[in-house]
Amino acid sequence: METDILALLKTYHLPASIERIAYKVIAGERLTPQEGITLFEQGKISWLGALANYVRERMHGNDTFFNRNVHIEPTNVCVYSCKFCSYSRLYKHREEGWELSLDEMMDIVKRYDGQPITEVHIVGGVHPKLDFYFFRELLQRIKAHRPEIHIKAFTAVELYYMFKKARLSIEEGLSQLKEAGLNSLPGGGAEIFAPEIRNQICADKVDAENWLKIHETAHRLGIPSNATMLYGHIESYAHRIDHMERLRQLQDQTGGFNCFIPLKFRNQNNDMSHVPECSVVEDVKMYAVARLYLDNFPHLKAYWPMLGRDMAQMMLSFGVDDLDGTIDDSTRIYSMAGAEEQHPAMTTEEITSLIRKAHRIPVERNSLYEVISRFDEPVETS
Ligand code: V47
Ligand code: SF4
C-alpha cells in the first residue's frame, strides 16, 4: 500500500516542499502547524485527497461507521447571540421559539420504544430558566426508561452556563451529570478558538480555555467527547490550524476525543448572511487536511444533515470514515441555516446503500465506536 501511494504521488510532480510533507504523512510522522497551513494554501484536492484517503484506509480500511440515534433539541431560546446562528431566539422573543417540557422530551424518547436506536443526542440553546437540575432530571428519566441507551448531551456552552448558575465547579457538575446518566459530550460550541475570530462571531459565550477545560475534565472523569470546528466564514487557514493544534494537544494528554467534525458555515437567516459560503473545493480541503493534521483523532465525521448526503458520500474518499446517524427529522439547527437537508431523515437501508455506493463497508457502531454489525455484502454499482 505504501509503495502504491508513493508511485501515485510521483505522478503529481509535487514541489519538493510538498513532497516532504507527503513523505512525513506516509511515514506516520506528525505535521507541524506551518506544514498544516502549507497544505491548505498549496493543496490540490487530487493529491490531498489521495493522501487523506491513504491515512483513512490505514486506520480503518474500507469500514465506514454510522449509528442509530435520535436528536432532542430541548429549546432554541438562548441567552447568547452568536452571529452565525439561525436557530436561536432571545428570551424576550421566546414566543417565536420552542421550549420542551420534561414530559414532551420523554414522549420523544418513548416514540422509539422497541426500535434499535443506541443513542440520544441532546443539544439546544442556553435557556436562562432551564437549569442544571432540570437537565439532570431529564438524564435520570431517560435512563430510568431505557437504561441501555447512550446519552450524548450538552455542549460545553450549555454546561458552562448551567454549572455557573448552579454554582458548581466543572468537575462537580460533570460528576453529578455522569451519575445521572450522561455518557458523552457532543462537540459543539467550539466554533473557532482564536479570540480575534471568536470575539467577532460569538463573543459572549464560553471561551476557548473553558471549552477545552470542560472537555479535559470530562475525559478525566471517563466521559468521552467529540470536537467540532465551524469553518468557511471569516477565519484564515492559520486560525483553522490553531484550532486543530489545540485539540491535538489536548488529545495527546487525555485520549478522550472520539471524533472531529468540521461544520461548514451556512449563511441563511443569520447575522452573517453577507459572508458567502465556501466552495466545495474548500470543503474537500478542510476534511482532507483535518484527517492529515489530527493524527491522534480516531475518527473524522461528515455530519450529513448539514453537508447533504451527496457531499457526505463524496467525503468518504477524502478522509471521512463516519457519517453520524440515521437521524429521523428531529434536528433543526442546520435546516434553519440553509443546509441541504431540510428534513434530515435516513433509514438504515438508505445510509448503508449510500456507503456501499461509495465502495465502502457500512459498519453500525455504538457511541463508543464499538462494532454492532458489519454490512459487508458485495458493493452496489449504481
Ligand atoms: O456549535 C450553528 C453549529 C453546532 C450554524 O458531537 C452552525 O456528534 C453551520 O454540536 N452553519 C452545534 N454550523 C451542533 C453540534 C453537533 C452536530 C452534529 C454532531 C455533533 C456530535 C455535534 O452547530 C454549533 C455551531 O458550530 N452551527 N449555526 C450555521 N449557520
Ligand atoms: Fe445559542 Fe448555540 Fe445559537 Fe450560539 S450557536 S446563539 S449558543 S443556540
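Begin by selecting ligand 1 together with Gly-188, where an oxygen atom of the ligand sits 3.1 Å from a polar backbone atom of that residue. Keep in mind, as you go from stop to stop, that what you have open is a predicted model.

With ligand 1 still selected, add Asn-226, and you will find an N or O atom of its side chain 3.1 Å from an oxygen atom of the ligand. Add Lys-301 next, whose side chain places a polar atom 2.7 Å from an oxygen atom of ligand 1. If you now show the surface of the protein, you can see how it encloses the ligand, for the protein covers 97% of the 630 Å² of accessible area that ligand 1 has on its own.

Now widen the selection to the residues around ligand 1, of which there are 22, with Lys-152, Gly-187, Gly-189, Glu-191 and Lys-301 coming nearest. If you colour this shell by residue class, you will see 10 nonpolar, 6 polar and 6 charged residues. Which strand gives the most to the shell around ligand 1? Select residues 257-264, which form strand S6, and you have the strand in question, since S6 contributes 3 residues. Strand S5, at 225-231, is also worth selecting here, because S5 and S6 each supply at least two residues of the shell by the strand assignment used for this model.

Move on to ligand 2 and select what surrounds it: Cys-78, Tyr-80, Cys-82, Phe-84, Cys-85, Tyr-87, Ser-88, Gly-125, Val-157 and Lys-205. Coloured by class in the way you coloured the first shell, this one divides into 7 nonpolar, 2 polar and 1 charged.

For the next stop, switch to a cartoon view and look for an open sheet of 3 strands, which lie in the order S2-S3-S4 and pair in parallel. Strand S2 (69-72) and strand S4 (150-153) stand at the edges, and because each has a single partner strand, one side of each is left without a neighbour in the sheet. Looking along the sheet, you will find neighbouring strands turned against each other by 20° on average, if direction is ignored.

Zoom in on S2 and strand S3, residues 119-122, which are joined in the parallel sense over 4 bridges. To see one such pairing, select His-71 and then His-121, its bridge partner in S3.

Finally, select residues 132-145, which make up helix H6, and notice that this helix lies across S3 and S4, running at about 160° to S4.

Definitions and conventions
Residues are numbered from 1 along each chain as its sequence is written. Chains are lettered from A and ligands numbered from 1 in the order in which they are written. This is a predicted model: local features need pLDDT of at least 70, side-chain atom pairs count only at pLDDT 80 or more; totals for chains, interfaces and linings use all residues. Side-chain values use heavy atoms; hydrogens and water are left out. A residue is near a molecule or strand if one of its heavy atoms lies within 4 Å of it. Ala, Val, Leu, Ile, Met, Phe, Trp, Tyr, Cys and Pro count as nonpolar, Asp, Glu, Lys and Arg as charged, and the others, Gly among them, as polar. Two strands pair if DSSP finds at least two bridges between them. Axes are lines fitted to C-alpha atoms, for helices over the stretch in contact, and angles run from 0 to 180 degrees between N-to-C directions. Contact means heavy atoms within 4.5 Å. A polar contact is a pair of N or O atoms within 3.5 Å; within protein, one must be able to donate a hydrogen and the other to accept it, and residues adjacent in sequence count only if both atoms are side-chain atoms. Accessible areas come from the Shrake-Rupley method with a 1.4 Å probe; for residues, only the protein chains shown count as cover.
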